[in-house]
Amino acid sequence: MLVLIHKECGGPALEESPVGEVCAISVDRFPFSCFTCLEEIVDESEVRLSEELGI
């Protein structure tokens, strides 16, 4: 499962989808609020992708 992590707080930037995977975020979706800390994320430099194994 791919998860978008907010670099500032270290928590998930988006609520997990039923599919459990984030494939891409289009540029027009910025800015959006971090799901964890509710700070505004203005561009992709503020997030990182993390692959977590849901075993």
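This short report walks through the fold, one strand and two residues of the protein.

The model is predicted, so to speak of local features a pLDDT of at least 70 is needed, side-chain atom pairs count only at pLDDT 80 or more, and totals for chains, interfaces and linings use all residues. Residues are numbered from 1 along each chain as its sequence is written, and side-chain values use heavy atoms, with hydrogens and water left out.

**Overall picture**

Let's start with the whole protein. It has zero helices and four strands, in the order β-β-β-β from the N terminus. Here helices (H or I, at least four residues) and strands (E, at least two) are DSSP runs, numbered from the N terminus. Of the 55 residues, 27% are buried, where buried means under 20% relative accessible area, exposed over 50%, and partly exposed in between (1.4 Å probe, protein chains only). The accessible surface is about 4,000 Å², and carbon and sulfur atoms hold 53% of that; such areas come from the Shrake-Rupley method with a 1.4 Å probe, and for residues only the protein chains shown count as cover. Taking contacts between residues at least 6 apart in sequence, 44% link residues at least 24 apart, a contact being heavy atoms within 4.5 Å.

**Strand β1 and His6**

Strand β1 covers residues 2-6, and four of its five residues are buried, so the rest of the structure largely encloses it. β1 runs antiparallel to β4 (residues 47-51), and five bridges join them; two strands pair if DSSP finds at least two bridges between them. Within this pairing, Leu2 sits opposite Glu51 of β4.

His6 also belongs to β1. With a relative accessibility of 0%, His6 counts as buried. Beyond its neighbours within four places in sequence, His6 is in contact with eight residues named here: Gly11, Ala13, Cys34, Cys37, Glu39, Ile41, Glu46 and Val47.

**Thr36 in its loop**

Thr36 lies in the loop between β2 (32-33) and β3 (40-41). Setting aside residues up to four places away in sequence, Thr36 touches Cys9, Gly11 and Pro12. Its side chain also makes a polar contact (a pair of N or O atoms within 3.5 Å; within protein, one must be able to donate a hydrogen and the other to accept it, and residues adjacent in sequence count only if both atoms are side-chain atoms): the partner is the backbone oxygen of Pro12, at 2.7 Å.

Two distances involving Thr36 can be set side by side.

| Thr36 part | Partner | Distance |
|---|---|---|
| Thr36 side chain | Pro12 backbone oxygen | 2.7 Å |
| Thr36 C-alpha | Ile5 C-alpha | 9.5 Å |

Thr36 and Ile5 are 31 residues apart along the chain. As for cover, Thr36 has 43% relative accessibility and so counts as partly exposed.
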